[in-house]
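Here are a few exercises to work through with the structure open beside you. Try each one yourself before reading the solution.

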Amino acid sequence: MDNMYVLMMGFLSVVIVNNFVFTKFLGTCPYLGVSGRLDTAFGMGLAVTFVTALSGILTWLVDYYILVPNGLEITRYVCYILIIAGAVQLVEMYVRKFFPALYRTFGIFLPLISTNCVILGICLFINIWAIDNLAEVAVLSTGVGIGFTLAICIMAAIRENLALVDVPESLKGAPITLITAGLLTMAFMGFAGMIK
Amino acid sequence: MLKAIRYYIEQSWLLIVSAFFFGLLIAVANAAWSGKADTNKKAKLSNLMKNLVQNAAKFEVAIKDANVADGKGKLLKTDIYKAVDENGNGLGFAYITSGTGFADKIELIIAVDADCGKFLGFEILYANETPGFGDKIKKDEFRNQFKNAPAEPVSLIKAGDRKKIDNEIVAITGATVTSTAVTNIFNKSIVSVKEALQQKGLIK
Amino acid sequence: MAESSTAKIDYLSALTAGLWKENPTFRLLIGMCPPLAVTTAVKPALTMGLCVIFVLVCSNVAISLMRNLLKPHLRIIMFTLSIAAFVTIADLYLRAFSPKMSEALGAYVPLIIVNCIIIFRAEACASKCNVWVSILDGIGSGTGFTLALCVLAGIREILAAGTFFDYRVMPKAFVPWAAMQMPVGAFVTLGLLLGLATLITTKRAD
């Protein structure tokens, strides 16, 4: 029961309170680039969630069972990025082979994803937070992906409406998106303090 | 078979060679600098502890991997340090513990005196609280309330005299969650630290 | 003769393109994570900028040296491998010689690995040009990035704390604007600066 509570709180924490996009600014590039339409944003979000979950768990396993016992912490960053690149490649191949329909919806985003900061970010933060059990790692890394999907979908929905609004000429495009994002972070700040 | 192996090697020799090269580069940098990084870390810790325990000459590990409770009461394995002056007399103990603040983790070093009767205060190792509100826990007016307060669980009050040193801690206006988090860390951890020190016979 | 003069122009443009025309932050809108995350004060922003310059120059040199040996499908993995190696070195250096900054930047130093600027420069320049052009390109883009970081950090630090590079610049009566230190300050300031950059470009074009 106690463990369940920790997992639930951890999940809520990374999805809402400590949403990576709003509090840690990770994944801002796709956030500005892709979030023009709701359906592509959702596809991108799903693909990212899939890869964060997979690579979060894989990097934690490698870190916990190979790097730390052998004193190889120094190669951590290199290992992490190679694992992520490998995971992305694997997912791409797997999805293309077995779910061609799914591949058409989010396959195009997959190669872009390996340089998405959210993924390396969660691997690094799991390490910084010193999380020491697999269940928590799995929940957190999935949660981060879901949080990213949430953020990018909200933004896409707002931008679909922004297209109809009379924005000052020089603020069109990325600037107004950033300012909107700023207002969104203020809204999300209301959730802080919820996790005790 | 041989042909296949040859093909793979032809395709990936650059990757393998450069992996070795970069590995070597990292190893050299690590050998040259990691010692210094470790000393920095230790120096930072002992400087912070020196702020808390006056006249301390050095800090030794008193209990390795002791059970110290965090703000939620979960037991963490951290070292309890003993502060000694130049003549080898014990001046107090210091330990690191953490809790959940408003937005992020709060990590504190807490010090108590030699017979664990009084707090000597706390220093912040890590905190990422709201600027202008929660980050006031870094200010002396809040921190000094803990200096020389009896090492018993403390309680949080909304208003009162901050100069009066007792177990009533005046919360920061607008940052109740952060203040509660800090007092929780104190309350939960001091009980477990006392227990650990008594078990080892370091205090009565 | 004619050939050498065009080459000279190439060197010069490689160096200056990154400063404004292809400024990563203001014009190309890539690598937006550090400009938002580490710009609460000028000092960490400058440190971050220097780290990026170091990694950018080193990885550009490494990739430019092996550009003729690269296999197309293993290209990206070679890029990330060399970038990750240099980032590890930068991180180690910071931890050894500037522990305070290393702590302030935290996870954002390793996150340089996935900073799009570096992989973009590797793809756009270093894998096509010779070593010298690549070095100049790295310095140019890196400096442009650092300048953008410092402008943003300067504005935020002055408004949020009343200081610049830890020196007090605002009068004592100035009430710090705490919102500028929070995420919202980062997003809105960068948004307005981007708007300003667009305004300048369109005015110039007219």
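**Exercise 1.** In which hand of crossing does α9(A) pass α10(A)? Work out the geometry and the contact as well.

*Solution.* Keep in mind that this is a predicted model.

Step 1. Start with the two helices. In chain A, α9 covers residues 134-162 and α10 covers residues 174-189. Their axes lie 11 Å apart and make an angle of about 130°.

Step 2. Now classify that angle. Roughly antiparallel needs over 145 degrees, and roughly perpendicular runs from 65 to 115. So α9(A) and α10(A) are oblique to each other.

Step 3. Then the hand: the crossing of α9(A) past α10(A) is right-handed.

Step 4. Finally, find who touches whom. From α9(A) come A:I154, A:M155, A:I158, A:R159 and A:L162, and they meet A:I176, A:T177, A:T180, A:A181 and A:L184 of α10(A). Sorted by class, that contact has seven nonpolar, two polar and one charged residues.

**Exercise 2.** Which element of chain A gives the most residues to the side that touches chain C?

*Solution.* Step 1. Get the head count: the contact involves 32 residues of chain A and 33 residues of chain C.

Step 2. List the elements of chain A that give two or more residues to this side. They are α2 (20-23), α3 (28-33), α5 (76-98), α8 (117-128) and α10.

Step 3. Pick the winner. That's α10(A), with nine residues.

Step 4. Look at the chemistry: chain A's side of this contact splits into 23 nonpolar, eight polar and one charged.

Step 5. For chain A with chain B, the contact takes seven residues from each of the two chains. Chain B's side there has four nonpolar, two polar and one charged residues.

**Exercise 3.** In what order do the five strands of the open sheet in chain B run?

*Solution.* Step 1. Trace the sheet. The order is β1-β2-β3-β4-β5, with antiparallel pairing.

Step 2. Find the edges. They are β1 (58-69) and β5 of chain B, each of which pairs on one side only. From one strand to the next, the twist averages 25°.

Step 3. See what packs on the sheet. Helix α3 (residues 176-199) of chain B does, touching β1, β2 (75-84), β3 and β4, and its direction makes about 105° with that of β1(B).

Step 4. Zoom in on β3 (residues 90-100) and β4 (residues 105-113) of chain B. Nine bridges hold this antiparallel pair on record, and a hairpin of four residues joins β3(B) to β4(B). Across the pair, B:I96 stands opposite B:I109, while B:T97 has B:L108 as its bridge partner.

Step 5. Move on to β4(B) and β5(B), an antiparallel pair with six bridges. Here B:A111 stands opposite B:G121. Five residues lie between the two strands of this hairpin, and in the turn B:C116 has a positive phi of about 60°.

**Exercise 4.** Is B:L125 buried, exposed or partly exposed?

*Solution.* Step 1. Place the residue: B:L125 sits in β5 (residues 119-126) of chain B.

Step 2. Count its neighbours. There are 17 C-beta neighbours inside 10 Å. A buried residue needs 20 or more and an exposed one 12 or fewer, so B:L125 counts as partly exposed.

Step 3. Name its contacts. Leaving out residues up to four places away in sequence, B:L125 touches B:I96, B:E107, B:L108 and B:I109.

Step 4. Check one separation. B:L125 and B:K64 are 61 residues apart in sequence, and their C-alpha atoms are 19 Å apart in space.

Terms used: Residues are numbered from 1 along each chain as its sequence is written. Chains are lettered from A and ligands numbered from 1 in the order in which they are written. This is a predicted model: local features need pLDDT of at least 70, side-chain atom pairs count only at pLDDT 80 or more; totals for chains, interfaces and linings use all residues. Axes are lines fitted to C-alpha atoms, for helices over the stretch in contact, and angles run from 0 to 180 degrees between N-to-C directions. Angles under 35 degrees count as roughly parallel, over 145 as roughly antiparallel, 65 to 115 as roughly perpendicular and the rest as oblique. A crossing is left-handed if the near helix is turned anticlockwise from the far one by less than a right angle, and right-handed if clockwise. Ala, Val, Leu, Ile, Met, Phe, Trp, Tyr, Cys and Pro count as nonpolar, Asp, Glu, Lys and Arg as charged, and the others, Gly among them, as polar. Two strands pair if DSSP finds at least two bridges between them.
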